[in-house]
Amino acid sequence: MKDLKKIIGLILSVKSIDEIINHLGVLIKVVGRINVLKPLEASIENIGLVIEDNIIRSVGITLSETISFKDLIDEFSNQFKWGYNHYDEETVVNFQYNEKLIIRAIIEGYIDETSLIKQSFKRFEIHIK
Amino acid sequence: MVSIDKATGNPKFGSYFFDDINEDVTKLGIGDLNRIKADERVKIKVILDGEVDFLKSKTANIEDWNGSGEIFDGGGNQYYNPTAKQKIKSYEIIQTY
């Protein structure tokens, strides 16, 4: 959870994109708008920043350890939006962090909304309005 | 139309394919062009290892799974096989949005 909160803090800060990247990792490849970094922290498995017009639009994160759904709702909100993305075969849970940020937890396969409480997540996206 | 994983830069192949390069991608139940771009979807050409059977159907309208309430248009042609992605021999990104 601390890594997720650290990344959220960086995104909400007034730091430049280069400063944010330097705090997170080293650029290893660019795929379209996605800037994939080699993470500095071993607790982050993968991280990429979607950058357009010199603005970070979203961040993709894979953590080395999972976060339980209970911890996510305790931290972010118990008002969430569940959905199943049949096209990419993922279950997604969206938390409105504030008026600017959405935190999305992602897990492979179909997980019924009533079963979420038993799940743990390691894949996240942060979406910036 | 494959979403690129934002954390790794790798394509996330699913079970749905199409065969017409000029297929209207906004009729595949994945949203309009703005949504396609926001989801980092790209058009990918795949070469499969051998013959693979698919179920052909029309895409249905579907509500946005992110809870916006938006309806994604269907009506396009799709080919479905949940194991076809295991037979992808090579791929090439042919269009970004």
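Good morning. The accessible surface of chain A comes to about 6,400 Å², and carbon and sulfur atoms account for 49% of that area. I should state at the outset that this is a predicted model.

Let me stay with chain A. Its secondary structure consists of three helices and eight strands. Read from the N terminus, the order is α-α-β-β-β-β-α-β-β-β-β.

I turn to overall dimensions. The C-alpha trace of chain A spans about 40 × 30 × 25 Å along its principal axes. For 129 residues, a compact globule would be expected to have a radius of gyration near 14 Å, and the value for chain A is 14 Å, so the two agree. Of those 129 residues, 51% count as buried. As for contacts between residues at least 6 apart in the sequence of chain A, 45% join residues at least 24 apart.

A word on charge. Chain A carries 16 positive and 19 negative charges, and the mean positions of the two sets are 3 Å apart.

Finally, I would like to consider one residue of chain B, namely B:Leu28. Where does B:Leu28 lie? The residue is in the loop of chain B that runs between β3 (16-17) and α1 (33-38). Is B:Leu28 buried or exposed? Its relative accessibility is 4%, under the 20% cut-off, and therefore B:Leu28 counts as buried. Beyond its neighbours within four places in sequence, B:Leu28 is in contact with A:Tyr87 of chain A, and with residues of chain B including B:Met1, B:Phe18, B:Thr59 and B:Asn77. B:Tyr16 stands 12 residues away from B:Leu28 along the chain, and their C-alpha atoms are separated by 9.4 Å.

Thank you for your attention.

Key: Residues numbered from 1 in each chain as written. Chains lettered and ligands numbered in written order. Predicted model: local features only at pLDDT ≥ 70, side-chain atom pairs only at ≥ 80, totals over all residues. Heavy atoms only, no water. Helix = DSSP H or I, 4+ residues; strand = E, 2+ residues; numbered from the N terminus. Rg over C-alpha atoms; globule rule 2.2 N^0.38 Å. Buried < 20%, exposed > 50% of the residue type's maximum accessible area, 1.4 Å probe, protein only. Contact = heavy atoms within 4.5 Å. Areas by Shrake-Rupley, 256 points an atom, 1.4 Å probe, with all protein chains shown as cover. Lys, Arg positive; Asp, Glu negative; His and termini not counted. Charge placed at Lys NZ, Arg CZ, Asp CG, Glu CD.
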